[in-house]
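Subject: Structure handover

Hello,

Here is the structure I promised to pass on. Please open it first, then read my notes below.

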Amino acid sequence: MQYKKLEVFIVLFCTSFLVNAQKLELPVWQEGFLDIHHIHTGRGDAAFVVMPDGTTMLIDAGDMSETHARTHSPRNAKLMPNASKTAPQWIVDYIQQFAPNQQKTKLDYALITHYHDDHFGEVDTLRTIAKGGYQLTGITEVGTMLSIKKMIDRGYTDPIDLKDSSIQSLDRYAKDKYQLIPTLKEYWKFIEHQEKKGMKHETLNVGEKKQIVLTRKPDSYPDFSIQNIASNGVIWTGVQNKTYRLFAKGSFPNENALSNCIRIDYGPFNYFTGGDISGIDGLGQMDLDAVESHVAPVIGAVDVATLNHHGNRDSQNPYYVRTLRPRVWIQQNWTADHPGEEVLRRITSKALYPGERDLFSTVMLRGAKEVIGGQLDQYKSQKGHVVVRVAKGGSHYKIYVLNDASETREVLSEFGPYISR
Ligand SMILES: [Zn+2]
């Protein structure tokens, strides 16, 4: 009898070991780690940051209307892992899996880079109305399911007043297929409703590094900070918190150029993310007046950078690439025209900067594979959530790719450790 029990135990032990070996989970976050999860829903950007003391932040919550033919065309990624939840519901599901204990039902910060569907949501007749009277999409749905302590965006007055009805009625907004103004109106209702429940709402304060801070044990991690680099074309000079302005008040640059940009610093480790800023002009030339060219010198060299504008052909100009020279590029992708082939050439060019670099994309659509072909083999991974895990103190980091097709999100591959520079 005793012998039988031992046998059963051995069989069970070995089976569970095999199961664990096949489905390796991301090691649990521990205090001191900086985790940056690039979540792939197929509907745009969402990056979940767990800071060294457990303070959390979501950067963007993309959600495109399911009513557009484009959303379901081969040009676009599929809703991942499946269509049983909306993109923001999957973002919340993801956060609840990986947030530290006590942090699973709230976010300390949410940062919206700019007001496009693939970054903050889009109104859609299929979606429901929340108790607060606003429609659930993108950030309004995430912020209804999780309580957000501080919501940060680019505001609405700079360089033009988006609440002004004469501006709203201009063709560029009135005829906008992707419904920026109707979505913003829902977002403003969301803000108003959540403010009554205690949410704070601020615009990104450029030049500041004390707006997004550790809220639990700031004194334990003095080497951690988040530097605000740009917003609305207002650029940090690199000196104290002084700034300068690219776009005159009342002018109409495109929404992408107004993106919020931040750098996350932890000891020697640096990470940059800048929404959909660009650096190449309409004729395909490097644009020294573009936001990328202005932010590059104040960002400086970094360890990890996300591709601006998902790797669109108008982004990652030579001067920007040469200045940031990241060891790791992360592409938050959702469409077949990303990356632009020229972008891939620039970010892998050793003429622009020396040394190795690793590329990761959350997805690669068939169209891109057919057009670009074998050059895409330079990516270490073309599918899955991309997690940057920085060790305590920031001295080194690893990249984990998690399965985006499964609801349990097991580790598909692991890279590094990389030494922070
Ligand atoms: Zn975008």
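Asp 118 and His 310 are both buried. The model is a predicted one, so please read everything here in that light. The two residues bind the zinc ion, together with His 119 and Asp 276. Asp 118 and Asp 276 each give an OD atom, while His 119 and His 310 each give NE2. The coordination distances run from 2.0 to 2.1 Å. In sequence, the donors follow the spacing D-H-x156-D-x33-H. Asp 118 and His 310 link distant parts of the chain, 192 residues apart. Asp 118 sits in helix H3 (residues 117-120). His 310 sits in the loop between strand E12 (304-306) and H9.

What is the arrangement of the four donor atoms? It is irregular, because they subtend angles of 86 to 157° around the zinc ion. A tetrahedral call needs all angles between 85 and 135 degrees. For comparison, the ideal angle for four tetrahedral donors is 109.5 degrees.

Backbone points

His 310 deserves a second look. Its phi is near 60°, a positive value in a residue other than glycine. Its relative accessible area is 2%. Asn 232 also has a phi near 60°. That residue lies in the loop between strand E7 (224-231) and strand E8 (234-236). Asn 232 is buried, at 6% relative accessible area. Most residues other than glycine have a negative phi, and most peptide bonds are trans.

There are cis peptide bonds to note as well. One joins His 338 and Pro 339, with omega about 5°. Pro 339 is in the loop between strand E13 (328-331) and helix H10 (341-347). Another joins Gly 416 and Pro 417, again with omega about 5°. Pro 417 falls in strand E18 (residues 411-419).

Salt bridges

The count comes to 23 salt bridges. Here are some of them.

- Arg 389 and Asp 35 meet at 2.7 Å, N to O. Arg 389 is in strand E16 (residues 385-390) and Asp 35 in strand E1 (residues 34-38), so the pair ties together parts 354 residues apart in sequence. Both residues are buried.
- Lys 150 and Glu 202 meet at 3.2 Å, N to O. Lys 150 belongs to strand E5 (residues 147-153) and Glu 202 to strand E6 (residues 200-203), 52 residues apart. Glu 202 is partly exposed, at 26% relative accessible area.
- Asp 358 and Arg 327 meet at 3.3 Å, N to O. Asp 358 lies in strand E14 (residues 358-361) and Arg 327 in the loop between H9 and E13, so this pair ties together parts 31 residues apart in sequence. Asp 358 counts as buried, at 8% relative accessibility.
- Asp 63, Arg 127 and Glu 141 are joined into one network by salt bridges that share partners.

A helix and a surface patch

Helix H2 (residues 87-98) has twelve residues. It reaches 17 Å from its first C-alpha to its last, close to the expected 16 Å. Its buried residues include Trp 90, Ile 91, Tyr 94 and Phe 98.

On the surface, Met 286, Leu 288 and Tyr 319 form a nonpolar patch. Together they have about 270 Å² of accessible area. Tyr 319 is in helix H9 (residues 318-324). At 31% relative accessibility, Tyr 319 counts as partly exposed.

Best wishes

Key
Residues numbered from 1 in each chain as written. Predicted model: local features only at pLDDT ≥ 70, side-chain atom pairs only at ≥ 80, totals over all residues. Heavy atoms only, no water. Patch = residues over 30% accessible without salt bridge, like charges linked within 9 Å, V, L, I, M, F, W, Y side chains within 5 Å. Areas by Shrake-Rupley, 256 points an atom, 1.4 Å probe, with all protein chains shown as cover. Salt bridge = Lys/Arg side-chain N within 4 Å of Asp/Glu carboxyl O. Helix = DSSP H or I, 4+ residues; strand = E, 2+ residues; numbered from the N terminus. Buried < 20%, exposed > 50% of the residue type's maximum accessible area, 1.4 Å probe, protein only. Donors = N, O, S within 2.8 Å, 3.2 Å for Na, K, Ca; no water. Tetrahedral: all angles 85-135°; square planar, octahedral: opposite > 155°, others 65-115°. Expected span 1.5 Å × (residues − 1).
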